[in-house]
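User: I'd like a close look at a single part here, namely the salt bridges and what they connect. Could you walk me through them?

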Amino acid sequence: IVLAVRLQGEYDKLVDLYTKELGRVEARVVSGRRISSKLASHFNLGNRVLVRLVYKNQFTVTDVLEEEVVFSKLKNSVLALRVANLIFLLRSLVPMAAPDLNLWHRLIASFRARSFDFKIFLKILGYDILLARCDDCDSSRIHSFLVPEQVFVCEDCGGRVGEREIILVN
C-alpha cells in the first residue's frame with residue numbers, strides 16, 4: 001500500500017510502502033519523475049500495488065503493477081479524508097521494517113470495504129481506547145488521538161490542538 005511519494009534528486013522518487021512481508025519500507029523509483037517513466041503513474045497515495053524490490057544499500061523498485069486504485073477514486077469526499085488520516089497515522093506510528101500480518105490484513109479488509117475504524121488500527125498499534133484516559137484532564141470520555149504526542153484526549157482538550165495532528169476516534 002502506497003503511504004507517500006517524495007521527490008529525490010533530479011529524476012528519482014522515493015516511495016513509502018507498507019508491505020505484507022517487509023512491513024513499512026522506503027524504496028527508490030529510478031527515473032520516477034520522468035514523463036516517460038512506466039513506474040511513476042502507479043504510485044498514488046493509498047493504492048495497493050504489486051512491486052518487485054531489489055536491495056543493494058537501499059530498496060529499489062524494479063517493477064510495479066496496480067492491484068487496486070483507492071484514493072484517486074475518493075477525492076473530495078469524507079472517505080478520502082479518512083484514508084489520508086489513516087495513512088498519516090501509519091506513517092507516524094509504524095516503524096520501518098516491522099511486518100505485522102494483523103495490521104496488513106486489517107488494512108486490506110478496510111480498503112476493500114471502504115470502511116476505516118481508527119479504534120481498531122490504534123489497538124493493533126498498541127493504543128487501545130478501552131482503558132484510555134485524557135492526557136490533559138484524565139477524563140474517560142475519549143474523543144481523539146493526538147498523533148505527535150501519541151496520547152488520547154477528550155473533546156474539550158482536543159479542541160486546543162491543530163486538526164492536522166489529531167485523529168478522531170468517536
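Analyst: Happy to; what follows takes the salt bridges one pair at a time. A word on the basis: this is a predicted model, in which local features need pLDDT of at least 70 and side-chain atom pairs count only at pLDDT 80 or more, while totals for chains, interfaces and linings use all residues. Residues are numbered from 1 along each chain as its sequence is written, and side-chain values use heavy atoms, with hydrogens and water left out.

The structure holds nine salt bridges, each being a side-chain nitrogen of Lys or Arg within 4 Å of a carboxyl oxygen of Asp or Glu. Helices (H or I, at least four residues) and strands (E, at least two) are DSSP runs, numbered from the N terminus. For exposure, buried means under 20% relative accessible area, exposed over 50%, and partly exposed in between, with a 1.4 Å probe and protein chains only.

Let's start with Glu 67 and Arg 48, which form a salt bridge whose closest N and O atoms are 3.0 Å apart. This pair links distant parts of the chain: Glu 67 sits in strand β5 (residues 59-68) and Arg 48 in strand β4 (residues 48-55), 19 residues apart. Arg 48 counts as buried because its relative accessibility is 14%, whereas Glu 67, at 43%, counts as partly exposed.

A salt bridge also joins Arg 52 to Asp 63, with 3.3 Å between the closest N and O atoms. Here too the partners come from strands β4 and β5: Arg 52 belongs to β4 and Asp 63 to β5, 11 residues apart. Arg 52 has 52% relative accessibility and so counts as exposed; Asp 63 has 35% and counts as partly exposed.

Next comes Glu 68, whose side chain meets that of Arg 114 in a salt bridge (3.3 Å, N to O). Glu 68 lies in strand β5 and Arg 114 in the loop between α2 (101-113) and α3 (118-124), so the pair ties together parts 46 residues apart in sequence. Glu 68 is buried, with a relative accessible area of 16%, while Arg 114 is partly exposed at 27%.

Finally, here is how some of these residues come together. Arg 48, Glu 67, Glu 68 and Arg 114 are linked in a network of salt bridges. Within that network, Arg 48 is buried and so is Glu 68, whereas Glu 67 is partly exposed, as is Arg 114.
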